[in-house]
Amino acid sequence: MTAVKPNTLVTALKLGLRSMRRHPGLALMFLAATLSQGVLQGLIVWALREVLRAFSSGGVSLAALTLGASLVFGIWLLRAFGTFAGELLSVRLARRVEIDSMQQVLAKLLTLSVRFFERSSQGDLVMASYTDLQGIRSVTLHVGTIVLSISRLAGLAVVAWLLSPKLALIGLVGAPLGVVPVYSLGRRITAAARRAREATEKLYDSFLQVSSGIKVIKVNRGERAVLEHARTVGENLYRNLVRDARSGLLARFSLEAVAGVGLVTVLMVGGRDVGRGVLEWQSLLGLLIALMAVYAPTLNLVTVYASIRSVIPNLDRIDAILQALPDLRDAADARPLPAAPRTIELQDVSFAYDDGDRVLDGITVTFHQGETIGIVGPSGAGKSTLVALLLRLYDPTSGRILCDGVDLRHIRHADLMDRCAIVLQEPFLFVDTIAQNIRLARPEASLEEVVAAARAANIHDDIMRMEHGYETVLGRRRDGRGVSVGQKQRIAIAAALLKNAPILFLDEATSNLDSVSERAVQGAVERLMAGRTAFVIAHRLSTLRAVDRILVLERGRIVGLGSHEELLATCGLYRQLWQSQSFDKAPGAMAWAGDA
Ligand SMILES: Nc1ncnc2c1ncn2[C@@H]1O[C@H](COP(=O)(O)OP(=O)(O)OP(=O)(O)O)[C@@H](O)[C@H]1O
Ligand SMILES: [Mg+2]
């Protein structure tokens, strides 16, 4: 993963500003509404003082009083409306930013390689899609709060200055002093928030595992362990959340304490001035009101600061995702792959996952168009990995894979994907209707085509027995329906049939079928393979009846390549596998043993 520079207060604010720039109209209205409040806040204090002044100089005329009061009320109302409009606009702006960022993050995730997802926990991705994005929302909002607070502060400071420059200075001099502890507390907030994020991620993981592993948990009575783990992580989360909040509150407290000193000093010095007749008491009163009013936006600023400090870890994660380089980018000169390649050639290909041992080791082999290849070997030999490399889900650690002489790295990956269909060992279906799942690669396919594919995959009858037929929604949802793994595999086979791609990968595609269904699907699979370049991984050698050549892998190396008969004669491992399966009671295996 690329190292991403951690966010700071400044970069967080820049991010907020950038988000605003993406919605200039909303942002401008928001800022205007917000700014007006600051000015109006100052005006209220000023108007109050004028009214008080009128009281003491010319006696109180009802007309003057009414005028003054209306003036104050008018400004007050205007300010209240400014708050309403500002808040509403801020919600719109912030939610826009959040939803847009989600789209951006998802779009980015879809460009990242399989590797990225192997390294990220599910909990982490749930955090990124929700909690972390709230961080972006809140920094956007905070930019508004900062503008508002500063504008109010400025308005009030100007008024205080006009009333008495000396006292204004005394009253406000404390503020900078309060900033020092606030800053150091901010670092603690970020540290606590970072640990809280890690704990939350683990908790999400626990919940997600309860969902996917509930059967295993129940049968092995793993409830206590799950609860115990969640309790430990939860305690950790609790501690860090409290730490985070406490540092924020402490920052407020220290600022308020300093502010109190300022206020009392102004009262004393100002009181003395009034006593000496240097200052009107109305001015002192106005000044005190202004100073007290100053503390509200100042405290807001501190709260905002604490909040930004606590979302920095979330911003960091979003940054890391957005800046992650897809590690399998197309080369700049990537070529299209207009049709099925005539040859697929592996030249001394070796591969290791991350820093692990070699999973594939010096594989050199050439496949030809229209050829069907069986891939066999013990579990963990590297069969699925070989297929993943042919699909360029990973690049070889060394060596090259060539399509018609062109390195896969120089072929547009999207084109390669268009030419390939795949049925996986662990079939995956979307929470959607069966029809849509079969249409996966060809959303425009007609229902007739879908049905034809389903028939060929021997799943049509199963589908018709379901209440909603092809419109049955699959998956974990209240209105979703479960299907067996074998049914899932046949739906995946139907989707591959419909995709009609020239290169086909079947990774244990029929391993979850009983022998009868397997033989029925086998017919479909053989029809599917006809005329295509097909790679078929199978543990049950009986399913490889129709393939042209069989590749035998053992611990990442090729130990045999040829027809069934050739391998029986030359490859010890193959003979061993074959003999062990010929004694199986599986009727499929016996039948073929009889044929051979
Ligand atoms: N994502 C991964 N990260 C790290 N190591 C992996 C990963 N996937 C597989 N491996 C390792 O690579 C080796 C080969 O795995 P692979 O899945 O290719 O085996 P296979 O031949 O398909 O086995 P099976 O018949 O059980 O499906 C194994 O030792 C496995 O532990
Ligand atoms: Mg496998």
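**Stop 1: Ala496 and its surroundings**

Select Ala496, which you will find in helix 15. Keep in mind as you look around that this is a predicted model. Is Ala496 buried or exposed? Ala496 counts as buried, because 26 C-beta neighbours lie inside 10 Å and 20 or more are enough for that label.

Now show the residues that Ala496 touches. Leaving aside residues up to four places away in sequence, these are Ala421, Ile422, Val423, Leu504 and Leu528. Add Cys420 to your selection too: Cys420 and Ala496 are 76 residues apart along the chain, yet their C-alpha atoms are separated by 8.9 Å.

**Stop 2: the largest nonpolar core**

Stay where you are and widen the view. Ala496 is one of the residues with the most contacts inside the largest nonpolar core, together with Ala457, Ile493 and Ala494. This core has 74 residues. Which helix gives the most to this core? Colour helix 15, residues 485-499, to see the answer: helix 15 contributes eight residues.

Next, click on Ile493. Again not counting residues up to four places away in sequence, Ile493 touches Val423, Ala457, Ala509, Val521, Ala524 and Val525. Elsewhere there is a second, separate core of 43 residues; to locate this second core, select Leu133, Val143, Ala251 and Val311, which are among its members.

**Stop 3: the two ends of helix 15**

Go back to helix 15 and look at what flanks it. On one side, select Ser484, in the loop between helix 14 (460-465) and helix 15. Ser484 counts as exposed, because it has 11 C-beta neighbours inside 10 Å and the cut-off for exposed is 12 or fewer. For a long view, draw a distance line from Ser484 to Val159: these residues are 325 places apart in sequence and 75 Å apart in space, C-alpha to C-alpha.

On the other side, select Asn500, in the loop between helix 15 and strand 7 (503-507). With 15 C-beta neighbours inside 10 Å, Asn500 counts as partly exposed. Check its backbone angles as well: phi of Asn500 is near 55°, a positive value in a residue other than glycine.

**Stop 4: more positive phi angles**

Where else can you find a positive phi in a residue other than glycine? Try Asp348, whose phi is near 50°. Asp348 belongs to strand 1, residues 343-352, and with 12 C-beta neighbours inside 10 Å it counts as exposed.

Then move to helix 10, residues 383-390. Six of the eight residues in helix 10 are buried, so this helix is mostly covered. Highlight the buried ones: Lys383, Leu386, Val387, Ala388, Leu389 and Leu390. Just after helix 10 comes Arg392, with a positive phi of about 50°.

**Stop 5: helix 8 beside helix 9**

Show helix 8 (223-276) and helix 9, then pick Glu280 in the loop between them. Glu280 is partly exposed, with 18 other C-beta atoms within 10 Å. Add Gly248 and compare positions: Glu280 and Gly248 are 32 residues apart along the chain, and their C-alpha atoms are separated by 39 Å.

Here is a handy idea for this stop and the next: two packed helices are described by the angle between their axes and the distance between the axes. The axes of helix 8 and helix 9 cross at roughly 165° and come within 10 Å. That angle makes helix 8 roughly antiparallel to helix 9, and the crossing is right-handed. If you colour this contact by residue class, you should find 17 nonpolar, seven polar and two charged residues.

**Stop 6: helix 3 across helix 9**

Keep helix 9 (residues 281-323) on screen and add helix 3 (residues 62-111). What is the angle between these two helices? They pack at about 45°, with their axes 9 Å apart. That makes helix 3 oblique to helix 9, and their crossing is left-handed.

Zoom in on the place where they meet. From helix 3, select Val105, Lys108 and Leu109; from helix 9, select their partners Ile318, Ile321 and Leu322. By class, this contact has five nonpolar residues, no polar ones and one charged residue.

How values were computed: Residues are numbered from 1 along each chain as its sequence is written. Chains are lettered from A and ligands numbered from 1 in the order in which they are written. This is a predicted model: local features need pLDDT of at least 70, side-chain atom pairs count only at pLDDT 80 or more; totals for chains, interfaces and linings use all residues. Helices (H or I, at least four residues) and strands (E, at least two) are DSSP runs, numbered from the N terminus. A nonpolar core is a set of buried Ala, Val, Leu, Ile, Met, Phe, Trp, Tyr and Cys residues joined through C-beta atoms within 7 Å. Two residues are in contact if their C-beta atoms, placed from the backbone, lie within 7 Å. Axes are lines fitted to C-alpha atoms, for helices over the stretch in contact, and angles run from 0 to 180 degrees between N-to-C directions. Angles under 35 degrees count as roughly parallel, over 145 as roughly antiparallel, 65 to 115 as roughly perpendicular and the rest as oblique. A crossing is left-handed if the near helix is turned anticlockwise from the far one by less than a right angle, and right-handed if clockwise. Ala, Val, Leu, Ile, Met, Phe, Trp, Tyr, Cys and Pro count as nonpolar, Asp, Glu, Lys and Arg as charged, and the others, Gly among them, as polar.
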